[in-house]
Number of protein chains: 2
Amino acid sequence: MSSESQSQTQTPEEKAREQLIDLAAEFYDQFAGGDIPEMKLPTRTKSNIEYNPNSGVWVYGDRTSTRSANSVRGARKLLKAVYTIEFLANQLEEDRSSTLRELYYLSESWDNNEAHFSDQDESNQLVEDLEIVSKVTREDFHMRPEESGATLMGPLKIKEQTRRGEREIHCQEDVGEGGYQIPNNPDTIEFLDHDTDFVMCVETGGMRDRLIENGFDEQYNCLVVHLKGQPARATRRITKRLHDELDLPVMVFCDGDPWSYRIYGSVAYGSIKSAHLSEYLATPQARYVGIQPEDIVEYDLPTDPLADSDVNALESELSDPRFQTDYWEEQIELQLEIGKKAEQQALAARGLDFVTDTYLPERLDAMGVI
Amino acid sequence: MSSESQSQTQTPEEKAREQLIDLAAEFYDQFAGGDIPEMKLPTRTKSNIEYNPNSGVWVYGDRTSTRSANSVRGARKLLKAVYTIEFLANQLEEDRSSTLRELYYLSESWDNNEAHFSDQDESNQLVEDLEIVSKVTREDFHMRPEESGATLMGPLKIKEQTRRGEREIHCQEDVGEGGYQIPNNPDTIEFLDHDTDFVMCVETGGMRDRLIENGFDEQYNCLVVHLKGQPARATRRITKRLHDELDLPVMVFCDGDPWSYRIYGSVAYGSIKSAHLSEYLATPQARYVGIQPEDIVEYDLPTDPLADSDVNALESELSDPRFQTDYWEEQIELQLEIGKKAEQQALAARGLDFVTDTYLPERLDAMGVI
């Protein structure tokens, strides 16, 4: 549907290319008008993110910083930006793609030595800057991540547009036990058909495999998304699209420790570093299934004591605007009080089927999902 | 072929179960004979691995250590072993599986408190011991790893036996750009048909994606295996099977640094920790394509200086029996001399197509593969 209406107007590649060239044109106009070229960017700190009630996500506030060519250092930065824009515009025209690391090395081949990146942090940062200023995502620049996306398993049929033609794949019937591997840019996927009631994002491979072995996806018409720890952009993007386009509830199932709450946070709220992408990557309606500190008590799970770093992370979450809800304050304070954490696989202490026969059905029922 | 002949005799599950029960029976016989039960294991150190010229892999030597019930500590270890054997035997009978972490937590549900594992290192170690003593691999115990396998892309058609029936998948035509996800136990895969001339194992996701985008697998009838850094057992196992069953040359393409040579080593020689699995996991015929220290000089690649830890790792490789060949000694000494390392993606400094148009064809031609 959306791809048809797009083909009558502009492809995402054409649009991204245009935005990039507009950016270069701005520099040109500044030069032509006798002004020193500059680029304005939002300040990317914890104190400059704020809640946008319309989209339900956290975005950058009003504070900005300026990259200006009024110093050698600043001029060099803008030079690199212009070379990068040219590279990206050509890449889009040729319908090719590259990784952030390749871009860093590629700069060595540019004719102006001053334009070579001095390290990869610099080129990564520049690509993020260009994302923010052009309002085009890295994926639409055709920049691939190093990290690969995770896998899907469940009653969903998709069509993926690959360089080798279209592939129609049912994420239960046409895949092995490993599931369907999410491509780097999940916007090449179209959702064709599904029989899915909700999405279950799972932190660990062990638990993902447990749900699949126990047939949880079949019994509950659930699409299992493996987060693989801190989820890649591709994983967060497809999760958001599953929610927005198919109107599916998104549940997040992690270990019961502060690092896992951050995994939930990155699915639901996005990260500070990429708040400009929140509307593209975050699913604010995503809900946390567990392991909750409350579950540690209620189900008497095997635990480990909180380490100092865990306590610090929990306290930092208490002061994080994204975790300032009654639910999270209550759970985090309870955890600090009991001084314990538990992994999701700790549920195996009650038997291998406890998670799919008892824990998840009870939690999902309490949350009104099943 | 092999699956048919097996079905007339014993399934791998039945065989694994029998080996485990034989082990328990041995303890029983020792008891019955008035002997203190014990279990003999090879000593697992660098000084006790030796080259087996028949299989071409490194295996444990003759030195053994003994776990005996003649102390409370030893008796407790054997008690845990017996409980674990019972759990695994039941798991195989029910055709179920579990992760190492689940086993650790499951022990909490065993009726004898003395049998509970005190930490996960202990249960991991025990499963390795059982692998060694029973000569059954963890996969055949139906113990799943936490780490998932990587992906395949290339002209190969496989049949995977899943819990939900058989799936026939062509690893170019029936998968998205992410490729075919290797299942936890790749012995559930049967190779149906292929048009593959060689296997190319690639360390990084960025380079794997580069080869796929540039159509290297299509142009050279090459099966691209993504190693994802240090490869999971499933990835090493399928690589070995591709070599042994389809008689395909296996090439390994990594960064040019000591950590990447270890990745090659784990594909080709196996690791010290799992030398008992070398014949199951290692592909001694695997060959190292690059990045070679020689390439850094010859192709004038962008480099980083060797860190102290790199130098130490290179020196430790020089004293590692598995790297004591003319080739590796020459390359490692050259690298110590030039004091530099280079990533595989550094080839992008010569353009995005350099790796597939020039570097790999030159290297593979020099190695007699194409």
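**Figure 1. Residues 198-364 of chain A span 10 Å between their end C-alpha atoms.** Helix makes up 50% of this span, and strand makes up 13%. The model shown here and in the other views is predicted. For residues 198-364 of chain A, an unreviewed UniProt entry lists "domain: Topoisomerase 6 subunit A/Spo11 TOPRIM".

**Figure 2. Six strands of chain A form an open sheet.** The strand order is β10-β7-β13-β12-β14-β15, and the pairing is mixed. β10 (180-181) and β15 (287-290) of chain A stand at the edges. Each has a single partner strand, so one side of each lacks a neighbour in the sheet. Helix α14 (residues 354-366) of chain A packs on this sheet. Helix α14 touches β12 (198-202), β14 (250-253) and β15 of chain A. The direction of α14 makes about 145° with that of β15(A).

**Figure 3. Strands β7 and β13 of chain A run antiparallel within the sheet.** β7 covers residues 151-153, and β13 covers residues 222-226. Two bridges join them. A:Met153 stands opposite A:Val224 of β13(A). In general, strands of a sheet pair through backbone hydrogen bonds, either parallel or antiparallel.

**Figure 4. Strand β8 of chain A pairs with both β9(A) and β11(A).** β8(A) covers residues 156-162 and is mostly covered. Five of its seven residues are buried. Six bridges join β8(A) to β9(A) (residues 165-170), and these strands run antiparallel. The two form a hairpin, with two residues between them. Here A:Lys157 has A:His170 of β9(A) as its bridge partner. Strand β11(A) (residues 189-194) also pairs with β8(A) in the antiparallel sense, over five bridges. In that pairing, A:Glu160 is matched with A:Ile189 of β11(A).

**Figure 5. A hairpin joins strands β2 and β3 of chain A.** β2(A) covers residues 49-52, and β3(A) covers residues 57-60. Their pairing is antiparallel, over four bridges. A:Glu50 has A:Val59 of β3(A) as its bridge partner. Four residues lie between the two strands. In the turn, A:Gly56 has a positive phi of about 75°.

**Figure 6. A:Tyr105 of chain A is in contact with residues of chain B.** This tyrosine carries the annotation "active site" in an unreviewed UniProt entry. A:Tyr105 lies in helix α4 (residues 100-106) of chain A. Is A:Tyr105 buried or exposed? Its relative accessible area is 4%; buried means under 20%, so A:Tyr105 counts as buried. Leaving aside neighbours within four places in sequence, its contacts are B:Pro302, B:Glu343, B:Gln345, B:Ala346, B:Ala348 and B:Ala349.

**Figure 7. Helices α2 and α3 of chain B pack together.** α2(B) covers residues 12-32, and α3(B) covers residues 72-93. Their axes lie 9 Å apart, at an angle of about 155°. Angles over 145 degrees count as roughly antiparallel, so α2(B) and α3(B) are described that way. Their crossing is left-handed. Among the residues that α2(B) brings to this meeting are B:Leu20, B:Ile21, B:Leu23 and B:Phe27. Those from α3(B) include B:Leu78, B:Val82, B:Ile85 and B:Leu88. Glutamates take part too, including B:Glu13 in α2(B) and B:Glu93 in α3(B).

Note on methods: Residues are numbered from 1 along each chain as its sequence is written. Chains are lettered from A and ligands numbered from 1 in the order in which they are written. This is a predicted model: local features need pLDDT of at least 70, side-chain atom pairs count only at pLDDT 80 or more; totals for chains, interfaces and linings use all residues. Side-chain values use heavy atoms; hydrogens and water are left out. UniProt positions are given in the numbering used here, feature names are shortened, and annotations may be inferred rather than shown by experiment. Buried means under 20% relative accessible area, exposed over 50%, partly exposed in between (1.4 Å probe, protein chains only). Contact means heavy atoms within 4.5 Å. Two strands pair if DSSP finds at least two bridges between them. Axes are lines fitted to C-alpha atoms, for helices over the stretch in contact, and angles run from 0 to 180 degrees between N-to-C directions. Angles under 35 degrees count as roughly parallel, over 145 as roughly antiparallel, 65 to 115 as roughly perpendicular and the rest as oblique. A crossing is left-handed if the near helix is turned anticlockwise from the far one by less than a right angle, and right-handed if clockwise.
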